Amino acid sequence: MRITGGKLKGRVIKCPDGIIRPAMDRMRESVFAILGDLSEKSWLDLFSGSGTIAIEAASRGSKSVQLCEKDKIKVKQVLENVSITEKELGVKIGCHFMAVELFLKRCKDCFDYIFLDPPFPYKYRLDLLKIIEKRNLVKVGGFVMIHYPEEDALPETIGKLVLKDKRIYGRSIVNFYGLDEKAEV
């Protein structure tokens, strides 16, 4: 996989062992193009796999980047990918190796952007979005983005989170949820 933009554009990211479904270059490039300038923005990459989305965010200027991946087989390669990135960019990427559900319940930070890319068979997407909404983990003006297969469905509203955009990439969909400006945060 290659980084599609920013200071590390074209850099190859090594995939770890184990089961992995890397986000398509076209989808990643499109998502980041929609978001625009990431300077001074914070980013959380959930179900990180190889760390590519987190590294892409850092490459495109995010000041604060964290990732979460529970598969212990991937730890060594993720840390290697992140270490190289940190040296090249001078950006610290926080790595959390635990279940995403546990991370979200413990998280005390609030992010400009949260990207979720759970395995396609994963059945608890809505539960994760509800946790993010209830715990106020996304900032006003930010987005929670979730990548999922077309055969599944997600609601347009989840508490204070409202569907702002939806993009289709083959059989993959990415929903962009933002806070309802009328709701109390």
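**Briefing: strands, cores and side-chain pairs**

With a relative accessibility of 6%, Tyr-113 counts as buried, and this residue is a good place to start a tour of the model, which is a predicted one. Tyr-113 forms a stacked aromatic pair with Phe-143 and belongs to an aromatic cluster with Phe-32, Trp-43, Phe-143 and Phe-176. Further along, you will meet two right-handed β-α-β crossovers, a nonpolar core of 29 residues and ten salt bridges.

**Parallel strands and their crossovers**

- Let's begin with strand β1 (residues 42-46), which pairs with β2 in the parallel sense through five bridges.
- Within that pairing, Leu-44 has Gln-66 of β2 standing opposite.
- Helix α2 (residues 52-59) joins β1 and β2 in a right-handed β-α-β unit.
- From β2 the chain goes on through helix α3 (residues 75-89) to β3, and this β-α-β crossover is right-handed too.
- Strand β3 (residues 93-96) runs parallel to β2, and four bridges connect them.
- One of the residues involved is Leu-67, whose bridge partner in β3 is Cys-95.
- Strand β2 (residues 64-68) is largely enclosed by the rest of the structure, because four of its five residues are buried.

**Nonpolar cores**

- The largest nonpolar core contains 29 residues, and Val-31, Leu-35, Trp-43, Ile-93 and Met-145 have the most contacts inside it.
- At least two residues of this core come from each of α1 (25-35), α2, β2, α3, β4 (111-116) and β8 (172-179).
- The biggest share is that of α2, which gives five residues to this core.
- Ile-93 touches Ala-54, Ile-55, Ala-58, Val-65, Leu-67, Val-82, Thr-85 and Glu-86, if neighbours within four places in sequence are set aside.
- There is also a second, separate core, made of 27 residues, with Val-100, Leu-104, Phe-111 and Tyr-148 among them.

**Helix α1**

- Met-27, Arg-28, Ser-30, Val-31, Phe-32 and Leu-35 are the buried residues of α1.
- These buried residues pack against β1, α2, β4, β5, β7 (161-169) and β8.
- As a general point, an α-helix has 3.6 residues a turn, so residues three or four places apart point the same way.
- Just after α1 comes Gly-36, which has a positive phi near 75°.

**Aromatic pairs**

- Six aromatic pairs are found in the structure.
- In the stacked pair of Tyr-113 and Phe-143, the ring centres are 6.4 Å apart and the planes make an angle of 15°.
- Tyr-113 sits in strand β4 and Phe-143 in strand β5 (residues 138-149), so their pair ties together parts that lie 30 residues apart in sequence.
- Phe-143 counts as partly exposed, at 21% relative accessibility, whereas Tyr-113 is buried.
- Tyr-122 and Tyr-124 make an edge-to-face pair, because their planes stand at 80°, with ring centres 5.7 Å apart.
- Tyr-122 is buried, and its relative accessible area is 14%.

**Salt bridges**

- The structure has ten salt bridges, and a few of them are worth a visit.
- Asp-71 and Lys-74 are joined by a salt bridge between their side chains, with 3.0 Å from N to O.
- Lys-74 counts as buried, at 5% relative accessibility.
- Lys-92 and Glu-86 form another salt bridge, at 3.7 Å from N to O.
- In that pair, Lys-92 is exposed at 61% relative accessibility, while Glu-86 is partly exposed with a relative accessible area of 21%.
- Glu-86 also appears among the contacts of Ile-93.
- A further salt bridge brings together Lys-139 and Asp-112, at 3.8 Å from N to O.
- This pair links distant parts of the chain, as Lys-139 is in strand β5 and Asp-112 in strand β4, 27 residues apart.
- Lys-139 counts as partly exposed at 29% relative accessibility, and Asp-112 is buried with a relative accessible area of 9%.
- Finally, Arg-28, Glu-56 and Arg-60 belong to one network, joined by salt bridges that share partners.
- Arg-28 is also one of the buried residues of α1.

Notes: Residues numbered from 1 in each chain as written. Predicted model: local features only at pLDDT ≥ 70, side-chain atom pairs only at ≥ 80, totals over all residues. Heavy atoms only, no water. Buried < 20%, exposed > 50% of the residue type's maximum accessible area, 1.4 Å probe, protein only. Pairing = 2+ DSSP bridges. Right-handed = clockwise from strand over helix to strand, strands pointing away. Core = buried A, V, L, I, M, F, W, Y, C linked by side-chain atoms within 4.5 Å. Contact = heavy atoms within 4.5 Å. Phe/Tyr/Trp six-rings, centres within 6.5 Å; stacked < 30°, edge-to-face > 60°. Salt bridge = Lys/Arg side-chain N within 4 Å of Asp/Glu carboxyl O.
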